[in-house]
Amino acid sequence: MDRIDRQLLALLLQDGRATYQELGRQVRLSANTVADRVRRLQADGVIRGYRAELNLEAFGRGMQMISDIRLGERVDRRGFEQQLADVPQVIGAMRLTGDYDFQLRMAVTDAREFEAVIDRLKADLGVRELRSRLVLHEVSLSPDRALEA
């Protein structure tokens with residue numbers, strides 16, 4: 001991966017819908033050359049996909065929580081991960097080392113809905129312990145920072 005590939009990645013992180021022509025103007029290459037480079041980055045697995053970023057408040061889900069989860073001793077981790085797909089309030093999950101097994105990011109309407117999600121996680125998914133924090137605001141740090149490292 002060279003300097004131009006890194007520039008293209010940074011530009012796509014800013015606007016994943018940019019045309020090859022627009023990208024080409026910014027990196028001073030033809031649209032065809034840019035298309036070839038982007039296709040190669042996709043084929044190599046560097047670019048995994050494109051997605052829209054949603055404003056969760058527009059859906060009435062302005063309350064976000066981060067919860068550290070400890071599973072019960074006999075709970076199958078893979079089964080837990082699969083069951084998370086059935087909990088729409090969970091919008092992100094990470095497997096962790098350390099004291100907790102997972103960290104979940106949840107978007108809920110209010111404290112009552114959050115309590116219902118906690119009850120469900122404990123009753124149906126085998127969560128033994130949960131430690132949660134309210135997200136006050138998110139600090140915007142673009143992933144393109146990693147391209148410089």
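The buried residues of H4 pack against S1, S2, S3, helix H5 (111–124) and strand S4 (127–134). The exercises below start from that packing.

The model is predicted: local features need pLDDT of at least 70, side-chain atom pairs count only at pLDDT 80 or more, and totals for chains, interfaces and linings use all residues. Residues are numbered from 1 along each chain as its sequence is written, and side-chain values use heavy atoms, with hydrogens and water left out.

**Exercise 1. Find which residues of helix H4 (residues 77–84) are buried, and on which side of H4 they lie.**

Step 1. Fix the terms. Helices (H or I, at least four residues) and strands (E, at least two) are DSSP runs, numbered from the N terminus. Buried means under 20% relative accessible area, exposed over 50%, and partly exposed in between, with a 1.4 Å probe and protein chains only.

Step 2. List the buried residues. In H4 they are Gly 79, Phe 80 and Leu 84.

Step 3. Check the arc, taken from the directions from the helix axis to the C-beta atoms. The three residues cover only 145 degrees around the axis, so they sit on the same side of H4.

Step 4. Turn to the opposite face. The exposed residues Arg 78 and Gln 82 are carried there, away from the buried side.

**Exercise 2. Work out what Leu 104 and Val 127 touch.**

Step 1. Place Leu 104. It lies in strand S3. Its relative accessibility is 0%, so it counts as buried.

Step 2. List its contacts (heavy atoms within 4.5 Å). Beyond four places in sequence, Leu 104 touches Met 65, Ile 66, Ser 67, Ile 69, Leu 84, Val 90, Gly 92, Ala 93 and Leu 121.

Step 3. Take a distance. Leu 104 and Met 94 are 10 residues apart in sequence, and their C-alpha atoms are 6.6 Å apart.

Step 4. Repeat for Val 127. This residue belongs to strand S4. Its relative accessible area is 6%, so it is buried. Neighbours within four places aside, Val 127 contacts Ile 69, Arg 70, Leu 71, Phe 80, Leu 121 and Lys 122.

Step 5. Look along the chain. Val 127 and Leu 41 are 86 residues apart, with 39 Å between their C-alpha atoms.

**Exercise 3. Identify the side-chain polar contacts of Arg 37 and Gln 89.**

Step 1. State the criterion. A polar contact is a pair of N or O atoms within 3.5 Å; within protein, one must be able to donate a hydrogen and the other to accept it, and residues adjacent in sequence count only if both atoms are side-chain atoms.

Step 2. Start with Arg 37, in helix H3 (residues 31–43). It is at 16% relative accessibility and therefore buried. Its side chain pairs with that of Asp 2 at 3.0 Å. Outside four places in sequence, Arg 37 contacts Asp 2, Ile 4, Asp 5, Leu 8 and Leu 29.

Step 3. Move to Gln 89, in the loop between H4 and S2. It is at 12% relative accessibility and therefore buried. The partner side chain is that of Glu 113, at 2.9 Å. With neighbours up to four places away left out, contacts of Gln 89 include Arg 61, Arg 105 and Val 117.

**Exercise 4. Determine the sign of phi at Arg 28, and where this residue lies.**

Step 1. Recall the norm. Most residues other than glycine have a negative phi.

Step 2. Compare. Arg 28 is not a glycine, yet its phi is positive, about 60 degrees.

Step 3. Locate it. Arg 28 is in the loop between helix H2 (20–27) and H3. At 78% relative accessibility, it counts as exposed.

**Exercise 5. Describe the largest pocket by volume and lining.**

Step 1. Define it. On a 1 Å grid over the protein atoms alone, a pocket is an open set of points where a 1.4 Å probe fits, with protein on both sides within 12 Å along at least five of seven lines; lining residues have an atom within 4 Å of a point.

Step 2. Give the volume, the space filled by probe spheres set on the points. It is about 1800 Å³.

Step 3. Count the lining. There are 44 residues, with Arg 51, Ala 52, Glu 53, Glu 138 and Pro 143 nearest the centre.

Step 4. Assign elements. Helix H1 (3–14), strand S1 (63–71), strand S2 (90–95) and strand S3 (102–108) each supply at least two lining residues.
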